[in-house]
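Trainee: I am new to this structure and would like a close look at a single part of it. Could you take me through the open sheet and whatever lies across it, step by step?

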Amino acid sequence: MPTVLIIDDNAAVAVALEVLFSLHDIEALHAASPQEGLALLDQRSASIDLVVQDMNFSADTTSGEEGVELFRAIRRRHPDLPVILLTAWTHLDAAVDLIKAGAADYLSKPWDDKRLVATVRNLLELGQANRALNQHRSDELRQRRALERYNLRNMVWHDPATERVIALACQVARADVPVLITGPNGTGKERIADIIQANSSVRDGPFVVLNCGALPAELIEAELFGADAGAYTGAAKAREGKFEAADGGTLFLDEIGNLPLAGQMKLLRVLETGRFERLGSNRERQVQVRVVSATNANLPAMIRAGTFREDLYYRLNVIELRLPPLAERPADILPLARHFLGQERQLRADAEAALLAHGWPGNVRELKNVMARASLLAHGDTITVPDLGLPAASAINGHASAAAGPDQEPDRDAIVTALQRASGVVAQAAAELGLSRQALYRRMERLGIARP
């Protein structure tokens, strides 16, 4: 229940206000003098939400000077506490001066009950909102300061959604458990994996990256586990796999959903035992590797379809970090754009508005490319809307259905539509769909879509 402090030497006024406030579920405290009121504020400042104070306390005094002095004393000690001034003697000049000094309102006796209650309620709601906002800002500042002790690898962000992912990544970094990072392509999943490595117990070890979607299926196992000479066509000599290269450090497996079933089975065994054999070899090898994986695919749907092992999913997904698409963390857009531009150029206000209005189907990767292009096309130090080369808002809205959602695989129709809109330019269609060029080629092959 909100609490109002009434500072008035007239007991009848205090009783009337106490009854009025109680009828509206507002608790009222009474102080008969400025000294008593200030003492109560010092004792119970945390629980008092508003002050209603008289302007005159001594007999035969109508100047309002005592009220002015009391108001200023309250302001010095409690600058954010709302104060309503109440007096039988209206002095407009004094009222204006005190309103300028921060008084919430200035009412004359006898007061209008409805107006007074409405004013008090509005101020209480505003105070509650301000306290919530201040608490939120305080929590954000505390979180930022807590993150300062971690190595954030020069990560640029401002949105709370991104900060939550970074904070969780730092929290689980030292735990020797697999981490699965989910989210659309181009959102910065590798940056999160880098932060995990940089703050882990194996931060001094190697950080090895393998994009499972950038290789033909028949070569992924050789990349992961290595191969002896003659293990497959073209293997003229023995080669070390990514697990061996990452021994004592972290292996980041991007686009883990593209790993074929045979490779999934071997990966599960390595995660459970740390042991594996190179292709074409019977000699077992032992490694100690922290595995961080990432995907833009819907792995539970792939499990239901029989294309991803359920046991591997739960082995990889001990900790899941979901990195939202850029459109869901809009506060990151301008800081990232300025970071990609560097200090030599700046964004004009209309260019900033255009960046914020764009849907960013290609996420941070698309934003980086847009800023690189704008830097090349700009005639001066200021980036304008034409320099960005973004499609009109109507075109974005009209084509939004072509891109897959943040947790969906693009279907055949979405890919065909994107290719038609891009006039067959695969790189452009891939950016719209939030995929890499190689990933789009693989999906085209799987779905029987002819290359342009």
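Mentor: Please keep in mind that this is a predicted model. A good place to begin is helix α1, residues 11-22, which lies across β1 (3-7), β2, β3 (50-54) and β4, and which runs at about 165 degrees to β1. The strands beneath that description belong to an open sheet of five, arranged in the order β2-β1-β3-β4-β5, and their pairing is parallel. In general, the strands of a sheet pair through backbone hydrogen bonds, and they can do so in either a parallel or an antiparallel way.

Following the order β2-β1-β3-β4-β5 outward, you reach β2 (27-31) and β5 (105-108) at the edges, and because each of these has a single partner strand, one side of each is left without a neighbour in the sheet. From one strand to the next, the twist averages 20 degrees.

The β5 edge can be followed residue by residue: β4, which spans residues 83-87, pairs with β5 in the parallel sense over four bridges, and T87 has S108 in β5 as its bridge partner.

A further helix completes this part of the picture, since we should also place α3 (residues 65-77), which lies across β1, β3 and β4 and runs at about 160 degrees to β3. Taken together, β1, β3 and β4 are strands that α1 lies across, and α3 lies across them as well, while β2 is also among the strands listed for α1.

Key. Residues are numbered from 1 along each chain as its sequence is written. This is a predicted model: local features need pLDDT of at least 70, side-chain atom pairs count only at pLDDT 80 or more; totals for chains, interfaces and linings use all residues. Side-chain values use heavy atoms; hydrogens and water are left out. Two strands pair if DSSP finds at least two bridges between them. Helices (H or I, at least four residues) and strands (E, at least two) are DSSP runs, numbered from the N terminus. Axes are lines fitted to C-alpha atoms, for helices over the stretch in contact, and angles run from 0 to 180 degrees between N-to-C directions. Contact means heavy atoms within 4.5 Å.
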